[in-house]
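Biologist: Before we discuss anything in detail, could we go through the features of a fold one by one, with the general idea followed by the case at hand?

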Amino acid sequence: MAPDPLLRGRVYGCDHDDRDPGPLPHQTYAALIGGPLDGLLLDITGWRPEEVDGGAALVTELGQFPGGRSLYDPRPGEPRTPGPGVSCRFYYCGDTP
């Protein structure tokens, strides 16, 4: 599935009518790769390393189960950049109701 150009660079959870749905310079993000949320950024500011290791189950209407969750996990051993900006990548691994 090709990424939706309207999603690229937007932050997960921001509404389409938000004035600035893009990333903020002082926040830390995971880039979502693949699946229905491909191209979005997930705000992980304040997450502990073990929380980042656990990935995320994100509510979406775009997945296999509308209103369900799309699952995204980091790849073991993939480097992370500390501090603000895009710190890591979470990869799509499926949907759940």
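**Reading the sheet and its surroundings**

Modeller: In this predicted model, strand 3 offers a starting point, since it has a covered face made of Ala56, Leu58 and Thr60 and an uncovered face made of Ala57 and Val59.

Biologist: What does Thr60 touch, and is Thr60 buried or exposed?

Modeller: Thr60, which lies in strand 3, has a relative accessibility of 7% and therefore counts as buried, the cut-off being under 20%. Not counting residues up to four places away in sequence, Thr60 touches Leu37, Phe65, Pro66, Gly67, Gly68 and Ser70.

Biologist: How many helices and strands does the protein have, and how do the elements run from the N terminus on?

Modeller: There are 1 helix and 5 strands, and from the N terminus on the elements follow the pattern β-β-α-β-β-β.

Biologist: How should I read the pairing of the strands, and in what order do they form the sheet?

Modeller: As a general idea, strands of a sheet pair through backbone hydrogen bonds, and they do so in either a parallel or an antiparallel sense. Here the 5 strands form an open sheet in the order 2-1-5-4-3, with mixed pairing. Strand 2 and strand 3 are the edge strands, each of them pairing on one side only, and from one strand to the next the twist averages 40 degrees.

Biologist: Which strands run parallel, and which run antiparallel?

Modeller: Strand 1 and strand 5 run parallel and are joined by 6 bridges, whereas strand 1 and strand 2, the latter spanning residues 41-43, run antiparallel and are joined by 3 bridges. On the other pairings, strand 4 (residues 68-73) and strand 5 pair in the antiparallel sense over 5 bridges, and strand 3 is likewise joined to strand 4 by 5 bridges, these two also running antiparallel.

Biologist: Which residues stand opposite Ala31 in strand 2 and in strand 5?

Modeller: Ala31 stands opposite Leu41 in strand 2 and opposite Arg89 in strand 5. Tyr29 stands opposite Val86 in strand 5, while Leu71 has Gly94 of strand 5 as its bridge partner, and Val59 has Arg69 of strand 4 as its bridge partner.

Biologist: Why is strand 1 described as largely enclosed by the rest of the structure?

Modeller: The description rests on burial: 5 of the 6 residues of strand 1 are buried, so the rest of the structure largely encloses this strand. For the protein as a whole, buried residues make up 36% of the 97 residues, and the exposed area is about 5,900 Å², of which carbon and sulfur atoms supply 55%.

Biologist: Which residues form the largest nonpolar core, and which strands supply at least two residues of it?

Modeller: The largest nonpolar core has 12 residues, namely Ala30, Leu32, Leu37, Leu40, Leu42, Ile44, Val52, Ala56, Leu58, Tyr72, Cys88 and Phe90. Strand 1 (28-33), strand 3 (56-60) and strand 5 (85-96) each supply at least two residues of this core. Taking Cys88 as one of the core residues, and leaving aside its neighbours within four places in sequence, Cys88 is in contact with Tyr29, Ala30, Ala31, Ile44, Val52 and Arg80.

Biologist: What share of the contacts with a separation of 6 or more comes from residues 24 or more positions apart?

Modeller: Such residues account for 49% of those contacts.

Biologist: How should I read the charged pairs, and how many salt bridges does the structure hold?

Modeller: In general, side chains of opposite charge can pair when their charged atoms come close. The structure holds 4 salt bridges. Among them, Arg80 and Asp53 form one in which the closest N and O atoms are 2.5 Å apart. Arg80 lies in the loop between strand 4 and strand 5, and Asp53 lies in helix 1 (residues 49-53), so the pair ties together parts that are 27 residues apart in sequence. Arg80 counts as partly exposed at 35% relative accessibility, and Asp53 is partly exposed with a relative accessible area of 48%.

Biologist: Which residues are linked in a network of salt bridges?

Modeller: Arg48, Glu50 and Glu51 are linked in this way. The side chains of Arg48 and Glu50 meet at 2.8 Å, N to O, while Glu51 forms a salt bridge with Arg48 in which the closest N and O atoms are 3.7 Å apart. Arg48 is partly exposed, with a relative accessible area of 46%, and Glu50 and Glu51 count as partly exposed at 48% and 32% relative accessibility, respectively.

How values were computed
Residues are numbered from 1 along each chain as its sequence is written. This is a predicted model: local features need pLDDT of at least 70, side-chain atom pairs count only at pLDDT 80 or more; totals for chains, interfaces and linings use all residues. Side-chain values use heavy atoms; hydrogens and water are left out. A nonpolar core is a set of buried Ala, Val, Leu, Ile, Met, Phe, Trp, Tyr and Cys residues joined through side-chain atoms within 4.5 Å. Buried means under 20% relative accessible area, exposed over 50%, partly exposed in between (1.4 Å probe, protein chains only). Helices (H or I, at least four residues) and strands (E, at least two) are DSSP runs, numbered from the N terminus. Contact means heavy atoms within 4.5 Å. Accessible areas come from the Shrake-Rupley method with a 1.4 Å probe; for residues, only the protein chains shown count as cover. Two strands pair if DSSP finds at least two bridges between them. Axes are lines fitted to C-alpha atoms, for helices over the stretch in contact, and angles run from 0 to 180 degrees between N-to-C directions.
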